Amino acid sequence: KIKSKGIKIAEVTLHVGPGTFLPVRSENIEDHHMHYERYTVTEETAELLNKAKSENKKIIAVGTTSMRTLESAADRVGHIQAGSRRTNIFIKPGYEFKFVDSLFTNFHTPESTLLMLVSAFSTKENIFAAYEHAIKEKYHFFSYGDAMFIK
């Protein structure tokens, strides 16, 4: 349905490691270190995404892995660089997003780096309000549950 509306879909790859899902155990989140993971952005995908961005089209990451890949692949001025590289990006409140405009993602586990990522993309207050609503309405949580759209 999305493609029939003229929306382009670009694929990226992030080889997710266990560090993505491990809870943050540090008292200070600045002391938490992500494990390195490999990602790949093809030339074709980089060209498609950079063209869309230059035309002021919205970039929507589907999933936190796509978000982390795109933010890792973006250079300082917000252009996606093609290639295969390693990243240990830890997106937490205070992070300045370079490329992604919106995020479609699950409801994540407490104390996870993914919960911190969505809090950085929105605000902690907005995310916690969404979680309160989801609990009240009995949404399904975690990897195979309900999802939210953050813009």
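# Pockets, a cavity and a sheet: worked exercises

By class, six nonpolar, one polar and one charged residues make up the lining of the largest cavity. Keep in mind that this is a predicted model. Let's work through it piece by piece.

## Exercise 1: the cavity

Find out how many cavities of 30 Å³ or more the structure holds, and which residues line the largest cavity.

**Solution.**

- Step 1. Start with the count: there is one cavity of 30 Å³ or more.
- Step 2. Now the volume: the largest cavity has about 30 Å³ of space.
- Step 3. List the lining: Met34, Arg68, Ile89, Phe90, Ile91, Thr113, Leu114 and Leu117.
- Step 4. Sort that list by class, and you get back to six nonpolar, one polar and one charged. Arg is a charged type, and Arg68 is in the lining.
- Step 5. Look for the main contributor: helix α3, residues 113–121, gives the most to this lining, with three residues.

## Exercise 2: one residue of the cavity wall

Is threonine 113 buried or exposed, and what does it touch?

**Solution.**

- Step 1. Place the residue: threonine 113 sits in helix α3, and it also appears in the lining of the largest cavity.
- Step 2. Recall the cut-off: buried means under 20% relative accessible area.
- Step 3. Compare: threonine 113 has 3% relative accessibility, so it counts as buried.
- Step 4. Check the neighbours. Leaving out residues up to four places away in sequence, threonine 113 touches Gly19, Thr20, Leu22, Val24, His32, Met34, Phe90 and Ile91. Among them, Met34, Phe90 and Ile91 also line the largest cavity.

## Exercise 3: the sheet

Work out the strand order of the open sheet, and say which way the paired strands run.

**Solution.**

- Step 1. The open sheet has three strands in the order β3-β5-β6, and its pairing is mixed.
- Step 2. Spot the edges: β3 and β6 (147–150) each pair on one side only.
- Step 3. Check the twist, which averages 15° from one strand to the next.
- Step 4. Take the pair β3 and β5: they run parallel and are joined by three bridges. For an example, isoleucine 60 has serine 102 in β5 as its bridge partner.
- Step 5. Take the pair β5 and β6: they run antiparallel, with four bridges between them. Here asparagine 106 is partnered with alanine 147 in β6.
- Step 6. Ask how covered β5 is: four of its five residues are buried, which makes the strand mostly covered.

## Exercise 4: helices against the sheet

Which strands does α2 lie across, and which strands does α3 touch?

**Solution.**

- Step 1. α2 lies across β3 and β5, and runs at about 130° to β3.
- Step 2. α3 packs on the sheet too, touching β5 and β6, and its direction makes about 150° with that of β5.
- Step 3. See how enclosed α2 is. Nine of its 10 residues are buried, so the rest of the structure largely encloses this helix.
- Step 4. Name those buried residues: Thr64, Ser66, Met67, Arg68, Thr69, Leu70, Glu71, Ser72 and Ala73. Arg68 should ring a bell from the lining of the largest cavity.

## Exercise 5: two pockets

What are the volumes of the two pockets, and how does each lining divide by class?

**Solution.**

- Step 1. The largest pocket holds about 670 Å³ of space. It is lined by 22 residues, and Ile7, Lys8, Ile9, Lys58 and Ile60 are the closest to its centre.
- Step 2. Find the elements behind that lining: α1 (43–54), β3 (60–62) and α2 (64–73) each supply at least two residues. α1 gives the most, with four.
- Step 3. Split the lining of the largest pocket by class: 15 nonpolar, two polar and five charged residues.
- Step 4. Move to the second largest pocket, with a volume of about 300 Å³. Its lining has 16 residues, and the closest to the centre are Phe21, Asn106, His108, Leu114 and Ser143.
- Step 5. For this second pocket, α2 and β5 (102–106) each supply at least two lining residues, and β5 has the largest share, three residues.
- Step 6. Split the second lining by class: seven nonpolar, nine polar and no charged.

Note on methods:
Residues are numbered from 1 along each chain as its sequence is written. This is a predicted model: local features need pLDDT of at least 70, side-chain atom pairs count only at pLDDT 80 or more; totals for chains, interfaces and linings use all residues. Side-chain values use heavy atoms; hydrogens and water are left out. On a 1 Å grid over the protein atoms alone, a cavity is a set of points where a 1.4 Å probe fits but cannot get out, and a pocket is an open set with protein on both sides within 12 Å along at least five of seven lines; lining residues have an atom within 4 Å of a point. Grid points are joined across faces, edges and corners, and a volume is the space filled by probe spheres set on the points. Two strands pair if DSSP finds at least two bridges between them. Axes are lines fitted to C-alpha atoms, for helices over the stretch in contact, and angles run from 0 to 180 degrees between N-to-C directions. Contact means heavy atoms within 4.5 Å. Buried means under 20% relative accessible area, exposed over 50%, partly exposed in between (1.4 Å probe, protein chains only).
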